[in-house]
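Work through the exercises below. Each task is followed by a stepwise solution.

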Amino acid sequence: MLIVCTVLAVACAVIPSIWAARAGVLVALVMAWVSVLMAWREMESIRTAHLAELKAVRQASVKEEQRHHKESMDMIDTFANRVGILSKSLSDTRGKLDRAENELSTLRGDKAALQYKVAAGNKKVNALESRVAELETELAGILADAEAGRVVDLPGRTLADAGVPSAGEIWETGSVPTVVDMSRVDFPGDDQVERKHA
């Protein structure tokens, strides 16, 4: 359109007539006015397109921000869950450690008690071994005396030692017995005395 109007204005300027010059000026003014309108329309369309592009960019930015926020919140929730699991695991481990320390203290106490009992038992065993050695020595001496034919004096026990009343005691009670029940008299056996002496 600018080319056509320029050609018409130049043609009107070439024609030697005042009206042709006026028509050329009119064509130039119309061309200028139409050019301004078209420029404004183009600027409006460019501005509209620019605003639409800005709006699209803004919406894309908002969506990206929302997506990033959602991903961040999911990541924070994941980390929070992991921290909770680790805290629970740490708490359970501390509880197990406390129980193990208590058991260890108990076992240490039991060990000390057992060591004391073992030491006391060892003392008793040593004392018994010493006594057995003494008795074996004494028995060896007695057997040696017996083999040599030496007589061993055994301590004698009387009926009074065994708790049997004498005849005088029986007659002094006032009831004179005519028959004595010998089964009620407890005589100590010689075997027991010899065994006790040995």
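Helices (H or I, at least four residues) and strands (E, at least two) are DSSP runs, numbered from the N terminus. This is a predicted model: local features need pLDDT of at least 70, side-chain atom pairs count only at pLDDT 80 or more, and totals for chains, interfaces and linings use all residues. Residues are numbered from 1 along each chain as its sequence is written, and side-chain values use heavy atoms, without hydrogens and water.

**Exercise 1.** State how many helices and strands the protein chain has, and their order.

Solution. Step 1: count 4 helices and 0 strands. Step 2: read from the N terminus, giving α-α-α-α.

**Exercise 2.** Find what share of the protein chain is buried.

Solution. Step 1: take the cut-offs: buried is under 20% relative accessible area, exposed over 50%, partly exposed in between (1.4 Å probe, protein chains only). Step 2: apply them to the 198 residues; 5% count as buried.

**Exercise 3.** Place the salt bridge between E44 and R47.

Solution. Step 1: a salt bridge needs a side-chain nitrogen of Lys or Arg within 4 Å of a carboxyl oxygen of Asp or Glu. Step 2: the closest N and O atoms of E44 and R47 are 2.8 Å apart. Step 3: both residues lie in helix 2 (residues 18-148), 3 residues apart, about one turn. Step 4: E44 is partly exposed at 39%, and R47 is partly exposed at 44%.

**Exercise 4.** Trace the salt bridges of R67 and K70.

Solution. Step 1: R67 meets E71 at 2.5 Å, N to O. Step 2: E64, R67 and E71 form a network of salt bridges. Step 3: K70 pairs with D74 at 3.3 Å, N to O. Step 4: K70 is exposed at 54%, whereas D74 is partly exposed at 37%.
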